[in-house]
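The exercises below ask you to read the surroundings of a ligand, a loop residue and a contact between domains from the model. Please keep the sequence and the structure at hand while you work through each solution.

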Amino acid sequence: PSAKTIFSGIQPTGVPHLGNYLGALRQWVGLQNEASSDTTLIYSLVDLHAITIRQDPKQLRQWKKESLAMLLAIGLNPQRSIIFHQSDVPAHAELMWILSCQASTGYLGRMTQWKDKTAEKDGSEKLKLGLFSYPVLQAADVLIHGATHVPVGHDQAQHLEFARQIANGFNEVYGEAILTPPETLISPAKRIMSLTEPERKMSKSHPNPKSRILLTDPDDVIRSKIKSAITDSHKSITYEPARRPGVSNLLDIFYHSGESVETESQEALAAHMDGLSMRALKEEVAMAVIEVIRPIRERYERLVQDEATLKAVAEEGAEKAAISAAVTMRHVKRAVGL
Ligand code: ADP
Ligand code: NA
């Protein structure tokens, strides 16, 4: 069948930043707006993933609401896309358990993100089982809806490969085509890096708030964060991510933000901008980013006040997602003997 199901998720662990938007969320909206009528789109606020790190309960509840308002503000339409909080559909956790009985601990231990975490910590006492096994939950998220296509950033490609392996392994053991191995849609935008440490990716959890631009930042805050972004003392403007990560990140941001940018590559953009001072380049970048964020922020400010709409969207999304999940769960449980 030609019918497509698109699934993706974001952790409600803070207001999404420019990296989330350019690297992931913008593609979600693009896929929605280009989708043919036989495409199902499912986007989840993955709160069960958020608690792999300890969260303040009040703060998490607030973030969940804000993240939902943001998904609407960027242009997701709940009439078209199913938008829901992961924990409102318990079948995600249920399928995770069943897949856990299938998943290889050796394979999980070789995941880059887990290896990075174990390298940071002294001994495994403090490391939690949920952090180790969360790729199994990610696999369940995707497989439970029979997703055929999963748009993610580069950092998630390995986890999607794992989801495919689990699906194929399950099908081999229990019979053909119960689970659908999904295709990965890698975001066209590069990783957006931190403004204060351009060797690291822009992230929600970095302690320095000046390292990221939030989709809620007012114009003057955006301008001041970009103004204080770390660059270097070279006079020219060139695109060399390894040697000049700061300037190159600004060019990436400009390149991916500007609807009006007509150059074919970041190198061509650098050549076009060469001769400008770093200060002038930053002003150009800030203007492009402000144009992207301002309308999103304005819609967000209205939506986040509208408790009734947010509640209705979450309830309706959870209902639809539960129906979608139930189809797979019925087949899986029958196959396993539950
Ligand atoms: P974060 O890493 O900021 O907590 P999530 O893990 O919730 O964000 O990721 C949500 C989506 O945003 C994922 O598809 C991820 O690949 C993408 N993403 C996160 N950070 C960046 C970044 N700095 N640049 C590009 N894409 C990103
Ligand atoms: Na991430």
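**Exercise 1.** Find which helix gives the most to the shell around ligand 1, and describe that shell by class.

Solution. Start with the elements: α1 gives the most to the shell around ligand 1, with 4 residues, where helices are DSSP runs of H or I with at least four residues and strands are runs of E with at least two, numbered from the N terminus. Next take the whole shell, in which 17 residues surround the ligand, Q11, G19, G23, A24 and G153 being the closest; a residue is near if its C-beta atom, placed from the backbone, lies within 6 Å. Finally sort by class, which yields 5 nonpolar, 8 polar and 4 charged residues, with Ala, Val, Leu, Ile, Met, Phe, Trp, Tyr, Cys and Pro as nonpolar, Asp, Glu, Lys and Arg as charged, and the others, Gly among them, as polar.

This is a predicted model, in which local features need pLDDT of at least 70 and side-chain atom pairs pLDDT 80 or more, while totals for chains, interfaces and linings use all residues. Residues are numbered from 1 along each chain as written, and chains are lettered from A and ligands numbered from 1 in the order in which they are written.

**Exercise 2.** Locate A35, and decide whether this residue is buried, exposed or partly exposed.

Solution. A35 lies in the loop between α1 and β2 (40–45). A35 is partly exposed because 15 other C-beta atoms lie within 10 Å, the cut-offs being 20 or more for buried and 12 or fewer for exposed, with C-beta atoms placed from the backbone.
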